[in-house]
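Thanks for sharing this one. Here are a few notes to read alongside the model, in the order I would look at them.

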Amino acid sequence: MPLLLLDLDNTLLDRAGPFRAWGERFLAGVGAPPTDIDWLLSIDADGLTDRWDVADAVRDRYGLRIPSIDLVEELHDGVVANIRLNPLVACALRIADEAGWTPVVVSNGGVRQQEAMIRRTGLDRFVADWVISEEVGVSKPNPRIFALAARRVRLPLRGAWVVGDGPEADIGGAAAVGLPSVWLHRGRSWVDDRFAPTRTADGLIAAVATVLAA
């Protein structure tokens, strides 16, 4: 059974929308102008910036007396509370499973938030397992994390595909381990000349269809 190695944030689950929704409510609560959402999104960098650094930047900009740890907790809980599993994504995962593929989540990030999103949304019912970078001590694009994902479900990496929206983490990681990949472009153009995705798609459903047809 070949592996389908899937990113979590903005691949299986939409993180961008829930983060924006939380950010708009938070900024309104501290009296910031609505246009500051663009600043907050740039600081967050699609979730790539460390949560503590985001919290410190917010505290400094608005002169908040909230302890950084409380703000980090609010960042975590605000995203998790708003995240949902698209039923069509669940359907695509079910189809992949019935076609003989084994879906496994491979995610960079903290265990607390990533597992909360997987379990709260019910995504855990549609994947065989998951590997989170904080838990295993290695992050994408390091090839070891993909090997650990394969070991977690006792399947070989040979024949696997990687699907994700991260040019460096997902597509670079797939290239490093010698696996084909599907890049979720999210309206972006590919600009990296060191490696390239095998295919591109506009979302997870199209990506799964691409893998099944390959």
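**Notes on the predicted model**

1. Let's start with helix 8, in what is a predicted model. Helix 8 spans residues 143-152, and its buried residues are I145, F146, L148, A149 and A150. Their cover includes strand 1 (3-6), strand 2 (102-107), strand 3 (129-132) and strand 4 (161-164), along with helix 7 (133-136) and helix 9 (167-177).

2. The two ends of helix 8 also deserve a look. At the N-terminal end, N142 acts as the cap, with a side-chain oxygen 2.9 Å from the backbone nitrogen of R144. After helix 8 comes R154, which has a positive phi, near 60 degrees.

3. Next, strand 1, which helps to cover helix 8. Which residues are buried on its two faces? L3 and L5 are buried on one side, and L4 and L6 on the other. Strand 1 pairs with strand 2 in the parallel sense over 4 bridges, where L6 has V105 as its bridge partner. Strand 1 also pairs with strand 4, again in the parallel sense, over 3 bridges; here the partner of L4 is W161.

4. Now the nonpolar cores. The largest has 49 residues, and L4, L12, L40, V58, L123 and V163 make the most contacts inside it. Another core of 17 residues lies apart from it, and L3, V106, I145 and V162 are among its members. In general, nonpolar side chains in soluble globular proteins tend to be buried together.

5. L12 is a good residue to click on in the largest core. Beyond its neighbours within four places in sequence, L12 contacts L6, D7, L85, V89, L93, V105, L123 and L204.

6. Is T121 buried or exposed? T121 sits in the loop between helix 6 and strand 3. T121 counts as buried because its relative accessible area is 13%, and the cut-off for buried is under 20%. Its side chain reaches the backbone nitrogen of L123 at 3.3 Å. Leaving out residues up to four places away in sequence, T121 touches L13, I83, R84 and L85.

7. Finally, the largest pocket, which holds about 720 Å³ of space. Its lining is made of 34 residues, with D9, G47, L48, N108 and G109 nearest the centre. Helix 3 (51-62), helix 4 (68-82), helix 6 (111-120) and helix 9 each give at least two residues to that lining. Helix 9 therefore appears twice in these notes, since it is also among the elements covering the buried residues of helix 8.

Key
Residues are numbered from 1 along each chain as its sequence is written. This is a predicted model: local features need pLDDT of at least 70, side-chain atom pairs count only at pLDDT 80 or more; totals for chains, interfaces and linings use all residues. Side-chain values use heavy atoms; hydrogens and water are left out. Buried means under 20% relative accessible area, exposed over 50%, partly exposed in between (1.4 Å probe, protein chains only). Contact means heavy atoms within 4.5 Å. A polar contact is a pair of N or O atoms within 3.5 Å; within protein, one must be able to donate a hydrogen and the other to accept it, and residues adjacent in sequence count only if both atoms are side-chain atoms. A nonpolar core is a set of buried Ala, Val, Leu, Ile, Met, Phe, Trp, Tyr and Cys residues joined through side-chain atoms within 4.5 Å. Two strands pair if DSSP finds at least two bridges between them. On a 1 Å grid over the protein atoms alone, a cavity is a set of points where a 1.4 Å probe fits but cannot get out, and a pocket is an open set with protein on both sides within 12 Å along at least five of seven lines; lining residues have an atom within 4 Å of a point. Grid points are joined across faces, edges and corners, and a volume is the space filled by probe spheres set on the points.
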